[in-house]
Amino acid sequence: MNNNGSEFSALHTDKYQLTMIYAHWKNGSHLDRKVYDLYFRNLPFGNGYAVFAGLERALQYLEQLHFCEEEIDYLSRQPENFDPRFLELLRRFRFSGNLYGMQEGTMVFPNEPLLRVEGSVMEAQLIETALLNFIGYQTLIATKAARIRTIAEKEMLMEFGTRRAQESDAALWGARAAYIAGFDSTSNVRAGQRFGIPISGTHSHAWVQDFESELEAFRTFAYAFPDDCVLLVDTYDTLKSGVPHAIQVGKELRAKGHELKGIRLDSGDLAYLSKEARQMLNEAGLEQTKIVASSDLDEYTIQSLRNQGATIDAWGVGTKLITSYDQPALGAVYKLVAREKNEEWQPTIKISSNPEKITTPGVKQVFRLIDRQLNKARGDLILEEGHRLDEEQPLTLFHPIHTYRKKEVHQFRAVELLQPMILQGEQVYELPSIDSIRQYYNEQRGLFWEEHTRLLNPEEYHVDLSKDLWDKKQTLLQSIYQRIKNDNLPGSEDHPQNPMI
Ligand SMILES: Nc1ncnc2c1ncn2[C@@H]1O[C@H](COP(=O)(O)OP(=O)(O)OP(=O)(O)O)[C@@H](O)[C@H]1O
Ligand SMILES: O=P(O)(O)OC[C@H]1O[C@H](OP(=O)(O)OP(=O)(O)O)[C@H](O)[C@@H]1O
Ligand SMILES: O=C(O)c1cccnc1
């Protein structure tokens with residue numbers, strides 16, 4: 001909470017946003033209208049798709065966004081010596097622009113706008129940092145969770161990461177992102193209360209160490225939770241002590257009309273131990289007692305354990321999910337794509353010597369082309385906003401950089417992915433329940449062939465530009481190079497032309 005009782009601070013931004021806004025204000029251009037796209041360039045984890053998450057937080061942030069007195073006071077004491085009239089403008093500031101976005105749980109791909117912000121340069125710049133922060137992290141965790149779900153198939157997945165997360169917001173929103181993409185529960189009680197995610201858990205080694213004997217520890221826990229008792233069996237010796245004691249308590253529970261719900265393995269060779277423990281439980285007649293495993297798990301260890309025939313029914317996954325251990329950032333970007341001139345959007349472009357980094361100018365919409373017969377996604381097509389697609393005509397898609405790579409689609413239905421979320425500062429999108437987001441993600445998953453969703457070396461999914469848009473991009477590139485040539489600045493002749501044109 002900031003001093004004004006709001007969860008979000010308007011100062012959750014980079015300093016350069018404020019200095020650019022100030023310079024615009026001095027120039028009288030702070031209210032000029034712009035369009036920005038938020039997207040990422042590369043898929044994380046070598047995955048074939050990402051799962052979009054973070055919209056709810058972004059919408060809440062935009063709704064609450066304002067500068068409180070303490071924040072204005074802080075800014076007034078900065079060496080920049082901000083003009084009091086500028087600070088007064090900030091004091092009255094509210095987000096009054098438009099936001100178009102994808103629904104959370106959408107399967108998303110590089111270079112397609114996930115969010116499109118239309119507003120004054122002042123508001124659009126101020127929010128860049130926070131939007132990238134929320135969307136980048138949550139999309140990353142949802143994608144990691146989706147990979148783990150793919151491997152675990154129908155087995156129970158519990159999110160255990162809070163203690164290892166990069167601070168509390170990451171734990172909270174990471175738990176939510178994991179649930180969207182297929183985890184069944186979280187150990188984070190706040191996430192349970194706030195989002196309605198089921199909470200679950202077992203007990204720790206400390207519980208066992210706190211008693212004179214392991215058996216006493218197990219009995220005491222079972223007494224408190226006779227119908228929800230999962231015993232951690234590796235504190236001393238899993239097979240010689242933990243499992244036999246759990247079996248003893250399981251039998252005592254049964255005698256009182258209850259069943260031992262599970263045991264948890266948290267160290268050692270999880271494949272071997274699970275098989276041995278399963279056999280011991282079964283021989284004792286405790287076939288329904290589940291085996292839970294935890295200990296630095298991720299999609300790779302779970303896959304390996306499954307391949308080894310581990311008899312594990314539920315997985316507790318913490319560190320490697322919540323910290324996105326193998327790829328700590330999505331690398332999302334927020335790029336200016338159009339500026340208002342004479343009451344029209346004028347496309348702008350950012351050029352790079354790397355063709356992949358050249359931005360796609362203009363106000364755009366993303367269509368998902370879904371084969372009507374197979375109900376499978378064939379590709380995404382980015383069009384200028386307002387342009388329509390004729391679903392009855394065959395369409396040739398071509399790769400925007402390797403243009404010789406073509407693909408015909410016909411008999412498709414074109415679904416618009418960017419929806420109005422905020423119009424003129426008013427939220428027009430009703431936030432879905434967490435379970436309907438999860439359900440929507442599942443439906444999305446069903447639209448994609450296994451070739452795109454497998455973990456290793458997935459096939460690249462087509463995200464192409466319409467011919468019109470591609471042509472406009474080339475024309476804009478040409479005109480900029482021409483302008484540079486005409487300017488004939490000293491040294492400009494030494495640089496090779498961009499490979500794109
Ligand atoms: N059969 C197995 N095949 C592949 N990986 C395994 C197997 N059993 C366990 N692992 C993984 O190996 C790693 C073992 O971690 P570590 O070396 O820290 O040992 P540990 O058994 O967890 O011991 P401790 O928690 O006491 O340090 C974990 O990531 C775990 O998930
Ligand atoms: O391994 P992760 O995927 O991060 O899952 C969460 C871990 O957190 C707990 O261990 P912790 O080391 O905190 O306590 P412990 O010594 O009681 O196991 C738990 O036993 C898991 O091992
Ligand atoms: O409930 C558990 O077993 C649990 C919760 C958080 C972290 N590790 C384990």
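The C-alpha centres of domain 1 and domain 2 lie 39 Å apart, with the domain bounds coming from an automatic or database domain assignment. This is a predicted model, where local features need pLDDT of at least 70 and side-chain atom pairs count only at pLDDT 80 or more, while totals for chains, interfaces and linings use all residues. Residues are numbered from 1 along each chain as its sequence is written, and chains are lettered from A and ligands numbered from 1 in the order in which they are written.

**Domains and how they touch**
- Domain 1 takes in 15–142 + 328–469, and domain 2 is 149–323.
- Where they meet, 15 residues of domain 1 are in contact with 16 residues of domain 2 (in contact: C-beta atoms, placed from the backbone, within 7 Å).
- On the domain 1 side, helix 5 (121–152) and helix 14 (434–446) each chip in at least two residues; helices are DSSP runs of H or I with at least four residues, strands are E runs of at least two, and both are numbered from the N terminus.
- That side of domain 1 has 9 nonpolar, 3 polar and 3 charged residues. Here Ala, Val, Leu, Ile, Met, Phe, Trp, Tyr, Cys and Pro count as nonpolar, Asp, Glu, Lys and Arg as charged, and the others, Gly among them, as polar.
- An unreviewed UniProt entry annotates residues 11–135 as "domain: Nicotinate phosphoribosyltransferase N-terminal"; such positions are given in the numbering used here, feature names are shortened, and annotations may be inferred rather than shown by experiment.
- The ends of 11–135 sit 18 Å apart by C-alpha, and the span is 43% helix and 18% strand.

**The ligand shells**
- Ligand 1 has Ser 267, Gly 268, Asp 269, Leu 270, Ala 271, Ser 295, Asp 296, Leu 297, Thr 301, Ser 304, Leu 305 and Gln 308 around it (a residue is near a molecule if its C-beta atom, placed from the backbone, lies within 6 Å of it).
- Helix 11 (270–283) and helix 12 (299–307) each give two or more residues to the ligand 1 shell, and helix 12 gives the most, with 3 residues.
- By class, the ligand 1 shell splits into 4 nonpolar, 6 polar and 2 charged.
- Around ligand 2 there are 15 residues, the closest being Phe 160, Ser 204, His 205, Gly 318 and Thr 319.
- Strand 11 (314–317) and helix 13 (319–322) each supply at least two residues of the ligand 2 shell, which has 3 nonpolar, 7 polar and 5 charged residues.
- Ligand 3 is surrounded by Phe 160, Ser 187, Gly 201, Thr 202, Arg 264, Ser 294, Gly 316 and Gly 318: 1 nonpolar, 6 polar and 1 charged.

**Strands and sheets**
- Arg 264 also belongs to strand 9 (residues 262–265), where Gly 262 and Arg 264 point one way, Ile 263 and Leu 265 the other way, and all are buried (20 or more other C-beta atoms within 10 Å of a residue's own, against 12 or fewer for exposed and partly exposed in between, with C-beta atoms placed from the backbone).
- Strand 8 (residues 230–232) runs parallel to strand 9 and pairs with it over 3 bridges; strands pair if DSSP finds at least two bridges between them.
- An open sheet of 7 strands has the order 13-12-1-5-3-19-20, with antiparallel pairing.
- Its edges are strand 13 (344–347) and strand 20 (426–427), each pairing on one side only.
- Strand 1 (residues 33–40) and strand 5 (residues 115–120) are antiparallel and joined by 6 bridges, with Lys 34 opposite Gly 119.

**The chain overall**
- The protein chain has 16 helices and 21 strands.
- Of its 501 residues, 41% count as buried.

Technical notes: Contact = placed C-beta atoms within 7 Å.
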